[in-house]
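Biologist: Please take a close look at how the helices in one part of this protein pack, and explain the reasoning in plain steps for a first-year student.

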Amino acid sequence: ALLVVNPAARRAARHEPEARAALHRVGIAHEVARTERAGHAAELAGAAHGALDAVFTLGGDGTTMEAVGALAGSGVPVGALPGGTGNLVARTLGTPLRVGAAVEALAAGDTALVDLGVATATGPDGRPITRRFAFAVGVGIDARMIEETPARLKRRLGVLAYALTAGRALLARDDFTAHVEVDGETMRRDAASVMVVNFGAVLGDLFWFGPGIRHDDGRLDLCLFSPRTTRDAARVLWRLSRRDFREDRALVYRAGLAFRVETDPPRTVEADGEVIGRTPLEVRVEPLAATLLVPRRG
């Protein structure tokens, strides 16, 4: 295996010895490569995959998704070890949040074929920026959460720092007008958040986005949240936490293959916890393009 370590991530450098010891303990021969810049994890994984049985990433979600994107379609599985702040990919897959336990769970686990999304946003120079994502891409509350959470707060509180920022964004009622197209169907709504998701739940199934969302069905799912009042927002959060997906004026769901999101005014776009640009945003699906290591269920 190759262990790709991002020394700039919140917990990665500190836990590298633990990851290496755990890989030795479970009998996985490995080499270590450390990233030096944005995009380096993709280069390292892509250059080495011909001789690899697996790649493990120890860093944030951006490090993991660089490796996943580079190995898309290759059949080489990627195991996400929790070395960042949010560790969204690891949490969503049910991977333990202690690095040693994560290595052991993934080594004894399964491989899963997972759809990927391909998101194209607008960069600072006006040119398109394209990124693959495994979990979700979005504008609104989730993007503000990623963009506005201070680094010092992330170091102190970890994932709780994101929750605090998201709560402030929700109460601030910073809505926008969204023009959305899903496989040719168009709609216009005032929204607090527009997400295109691949997994139906986050944070260990604590919070659910919508009904019938699967990561291996060859489709992605639009989840548009448009609460008009703070009471609407509280109702939506309560219902989603209880998997109550009955019709609601503040919720719109659509499954599809291709999506376009325009906002007035333009908004920041995040993909799997990384800011990638601004709207307009275009998204398409790559069915079963990624192979991930996941803990064995049951």
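Modeller: What follows goes from the whole chain to two pairs of helices, with a few single residues along the way.

This is a predicted model, and the protein in it has nine helices and 17 strands. Of its 298 residues, 53% are buried. The protein exposes about 13,600 Å², and 51% of that comes from carbon and sulfur atoms. Among contacts with a separation of 6 or more, 70% join residues that lie 24 or more positions apart.

Two packed helices are described by the angle between their axes and the distance between the axes. Both pairs below are treated in that way.

The pair to start with is helix H1, residues 12-25, and helix H5, residues 99-107. Their axes are 8 Å apart and meet at an angle of about 30°. Angles under 35 degrees count as roughly parallel, so H1 and H5 are roughly parallel to each other. The crossing of H1 and H5 is right-handed. On the H1 side, the contact is made by His15, Glu18, Ala19, Ala22, Leu23 and Arg25. On the H5 side, Val99, Gly100, Val103 and Glu104 take part. Sorted by class, this contact has five nonpolar, two polar and three charged residues.

H5 itself is mostly covered, with seven of its nine residues buried. The buried ones are Val99, Gly100, Ala101, Ala102, Val103, Ala105 and Leu106. What do these buried residues of H5 pack against? One partner is H1, and the others are strands: E3 (55-59), E4 (78-82) and E17 (274-294). Val99, Gly100 and Val103 are buried in H5, and these three residues also belong to the H5 side of the contact with H1.

The other pair is H2, residues 40-48, and H3, residues 61-70. H2 and H3 pack with their axes 8 Å apart, at an angle of about 40°. This angle is not under 35 degrees, nor does it reach the range of 65 to 115, and H2 and H3 are therefore oblique to each other. H2 passes H3 in a right-handed crossing. From H2, the residues in the contact are His40, Ala41, Ala42, Ala45 and Gly46. From H3, they are Thr63, Glu66, Ala67 and Ala70. By class, the contact of H2 with H3 divides into five nonpolar, three polar and one charged.

Ala42 can stand as an example from the H2 side. Apart from residues up to four places away in sequence, Ala42 touches Glu66 and Ala70, and both of these belong to the H3 side of the contact. Ala42 and Thr63 are 21 residues apart in sequence, yet their C-alpha atoms are 8.0 Å apart in space. Is Ala42 buried, partly exposed or exposed? Its relative accessible area is 25%; buried means under 20% and exposed means over 50%, so Ala42 is partly exposed.

Thr64 gives an example from H3. The relative accessibility of Thr64 is 3%, and because buried means under 20%, Thr64 counts as buried. With its neighbours within four places in sequence left aside, Thr64 is in contact with Thr57, Val78, Ala80 and Val89.

To sum up the two pairs, H1 and H5 are roughly parallel, whereas H2 and H3 are oblique. The crossing is right-handed for H1 with H5 and right-handed for H2 with H3.

Technical notes
Residues numbered from 1 in each chain as written. Predicted model: local features only at pLDDT ≥ 70, side-chain atom pairs only at ≥ 80, totals over all residues. Heavy atoms only, no water. Helix = DSSP H or I, 4+ residues; strand = E, 2+ residues; numbered from the N terminus. Buried < 20%, exposed > 50% of the residue type's maximum accessible area, 1.4 Å probe, protein only. Contact = heavy atoms within 4.5 Å. Axes fitted to C-alpha atoms, helices over the stretch in contact; angles between N-to-C directions. Parallel < 35°, antiparallel > 145°, perpendicular 65-115°, else oblique. Left-handed = near helix turned anticlockwise from the far one by under 90°. Nonpolar A, V, L, I, M, F, W, Y, C, P; charged D, E, K, R; others polar. Areas by Shrake-Rupley, 256 points an atom, 1.4 Å probe, with all protein chains shown as cover.
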